[in-house]
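Trainee: Could you take me through one part of this model with care, covering its pairing, its surroundings and the links close by in the discussion? I would like one connected account rather than a list.

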Amino acid sequence: QVQLVESGGGLVQPGGSLRLSCAASGGIFTIFGMGWYRQTPGNQRELVATKSRGGRTNYADSVKGRFTISRDNAKNTVNLQMNNLKPEDTAVYFCNVEHRAPWSNTTSNAWGQGTQVTVSS
């Protein structure tokens, strides 16, 4: 199984910036899509941004123009630069990695432990 280690997050004032990072280990696996999701209490986890191995990106409408996802395929890392943060961005953010084992023809999803982002004055 791919292991994910997240870093970043914390408390920031509205209009501020934060950067989330996620590193995937488990070198025998082939990694495909990488991305970030977020969840608030009582709500379902929602997509924030994803980036394919080939570089195609997908953003939630609510973060377009403010968040930027990047990844390093050689290092199996994915980052989320969050600018102009708003109180409604407050959530637990989870890294997600789609991967496939050499012995399998199906993909699986690995999730990070989650990191809290709080936007408040």
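**A close look at strand S8**

Mentor: Strand S8 is mostly covered, with 5 of its 6 residues buried, and the account that follows starts from this strand in what is a predicted model. Strand S8 comprises residues 77-82 and pairs with S7 in the antiparallel sense over 6 bridges. Within that pairing, Val 78 of S8 is the bridge partner of Arg 71, while Asn 79 of S8 is the bridge partner of Ser 70. The hairpin of S7 and S8 has 4 residues between the strands, and Asn 76 takes a positive phi near 55° there.

S8 also pairs with S3, again running antiparallel, and 6 bridges join the two; in this pairing Leu 20 stands opposite Leu 80 of S8. Strands of a sheet pair through backbone hydrogen bonds, in a parallel or an antiparallel manner. Put into the wider arrangement, S8 sits between S3 and S7 in an open sheet of 4 strands, whose order is S1-S3-S8-S7 and whose pairing is antiparallel. The edge strands, each pairing on one side only, are strand S1 (3-7) and strand S7 (67-72), and from one strand to the next the twist averages 15°.

The burial of S8 leads on to the core. The largest nonpolar core has 30 residues, and those touching the most other members are Leu 4, Trp 36, Val 48, Phe 67, Leu 80, Met 82 and Tyr 93. S8 is among the elements that give two or more residues to this core, as are S7, strand S3 (18-25) and strand S9 (91-100). In soluble globular proteins, nonpolar side chains tend to be buried together. Tyr 93 offers a view of S8 from outside the strand: leaving aside neighbours within four places in sequence, Tyr 93 is in contact with residues including Leu 80 and Met 82, and also with Leu 20, Trp 36, Val 48 and Phe 67.

The partner strand S3 brings in one further feature. A search of the whole structure finds 1 disulfide, formed by Cys 22 and Cys 95 with their sulfur atoms 2.1 Å apart. The link of Cys 22 and Cys 95 is left-handed, with -80° about the S-S bond. Because Cys 22 lies in strand S3 and Cys 95 in strand S9, the pair ties together parts that are 73 residues apart in sequence. Both Cys 22 and Cys 95 are buried.

Terms used: Residues are numbered from 1 along each chain as its sequence is written. This is a predicted model: local features need pLDDT of at least 70, side-chain atom pairs count only at pLDDT 80 or more; totals for chains, interfaces and linings use all residues. Side-chain values use heavy atoms; hydrogens and water are left out. Two strands pair if DSSP finds at least two bridges between them. Axes are lines fitted to C-alpha atoms, for helices over the stretch in contact, and angles run from 0 to 180 degrees between N-to-C directions. A nonpolar core is a set of buried Ala, Val, Leu, Ile, Met, Phe, Trp, Tyr and Cys residues joined through side-chain atoms within 4.5 Å. Buried means under 20% relative accessible area, exposed over 50%, partly exposed in between (1.4 Å probe, protein chains only). Contact means heavy atoms within 4.5 Å. A disulfide is a pair of cysteine sulfur atoms within 2.5 Å.
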